[in-house]
Amino acid sequence: MNNKDQRAGSVFRVDKFVVPAEARDEILGKVRMTHELLRQQDGFVQDFLLEQFSGPGEFNIVTMVEWESQAAVDNVVPIVKAAHESIAFSPQATIARLGVKADIAHYQRVPEA
């Protein structure tokens, strides 16, 4: 099986944020902390942390994590939740407090025609 076939079942978590300038450093710190944890988990493939530098797009911070499968995603959710709870970090409360707009979803590859 080639690499393309192996990754056909990948699941992508894409988080898009509109982050006010005064909230940038705090949000990026929390994102980096979470991604460090994600990189250590079984089924992690790769991740990206992107910041818009030009263009008219609405979202100025975008993160993407590729997982081997939906099972890997399902396994990591309680791990991340427990890690956040252990340091009294609530992503939802932080987003609300900082006035960040978030669009968070899972994606899969579009099959080739």
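Ala, Val, Leu, Ile, Met, Phe, Trp, Tyr, Cys and Pro count as nonpolar, Asp, Glu, Lys and Arg as charged, and the others, Gly among them, as polar. By this division, the lining of the largest pocket holds 14 nonpolar, seven polar and four charged residues. The model described here is predicted.

**Overall architecture**

The protein chain contains four helices and four strands, which succeed one another along the sequence in the pattern α-β-α-β-β-α-α-β. Its C-alpha trace spans about 50 × 40 × 15 Å along the principal axes. Of its 113 residues, 32% count as buried. Among the contacts in the chain with a separation of 6 or more, 75% are made by residues 24 or more positions apart.

**The largest pocket**

The largest pocket encloses about 670 Å³ of space. Its lining is formed by 25 residues, and those nearest its centre are Arg13, Asp15, Thr34, His84 and Pro91. Two or more lining residues come from each of strand 1 (11-18), helix 2, strand 3 (61-67), helix 3 (70-86), helix 4 (91-98) and strand 4 (101-107).

Two of the residues nearest the pocket centre, Arg13 and Asp15, also pair with each other in a salt bridge, with the closest N and O atoms 2.5 Å apart. Asp15 counts as buried because its relative accessibility is 11%, under the 20% limit. Arg13, with a relative accessible area of 28%, is partly exposed.

**Salt bridges**

The structure holds eight salt bridges. Three of them are set out below.

| Salt bridge | Closest N to O distance |
|---|---|
| Arg13 and Asp15 | 2.5 Å |
| Arg24 and Glu51 | 2.7 Å |
| Arg39 and Asp47 | 2.9 Å |

The side chains of Arg39 and Asp47 meet in a salt bridge. Salt bridges with shared partners also join Arg24, Asp25 and Glu51 into one network. Within this network, Arg24 and Glu51 form a salt bridge whose closest N and O atoms are 2.7 Å apart. Arg24 lies in helix 2 (residues 24-39) and Glu51 in strand 2, so this pair ties together parts that are 27 residues apart in sequence. Both partners are partly exposed: Arg24 has a relative accessibility of 32%, and Glu51 has a relative accessible area of 40%.

**The surroundings of Asp47**

Which residues does Asp47 touch, not counting those up to four places away in sequence? They are His35, Arg39, Met64 and Val65. Asp47 itself is found in strand 2 (residues 44-51).

Two of these neighbours are bound to Asp47 through polar contacts between side chains. The contact with His35 is 2.8 Å, and the one with Arg39 is 2.9 Å. The pair Asp47 and Arg39 also qualifies as a salt bridge, at 2.9 Å from N to O.

Is Asp47 buried or exposed? Asp47 counts as buried because its relative accessibility is 17%, and the limit for that class is under 20%. Arg39, its salt-bridge partner, counts as partly exposed at 44% relative accessibility.

In two of the tabulated salt bridges, a buried aspartate therefore faces a partly exposed arginine: Asp15 is buried at 11% and Arg13 partly exposed at 28%, while Asp47 is buried at 17% and Arg39 partly exposed at 44%.

Key
Residues numbered from 1 in each chain as written. Predicted model: local features only at pLDDT ≥ 70, side-chain atom pairs only at ≥ 80, totals over all residues. Heavy atoms only, no water. Buried < 20%, exposed > 50% of the residue type's maximum accessible area, 1.4 Å probe, protein only. Polar contact = N/O pair within 3.5 Å; in protein donor to acceptor, adjacent residues only side chain to side chain. Contact = heavy atoms within 4.5 Å. Salt bridge = Lys/Arg side-chain N within 4 Å of Asp/Glu carboxyl O. 1 Å grid on protein atoms, 1.4 Å probe; cavity = no way out; pocket = protein on both sides within 12 Å on 5 of 7 lines; lining within 4 Å. Points joined across faces, edges and corners; volume = space filled by probe spheres on them.
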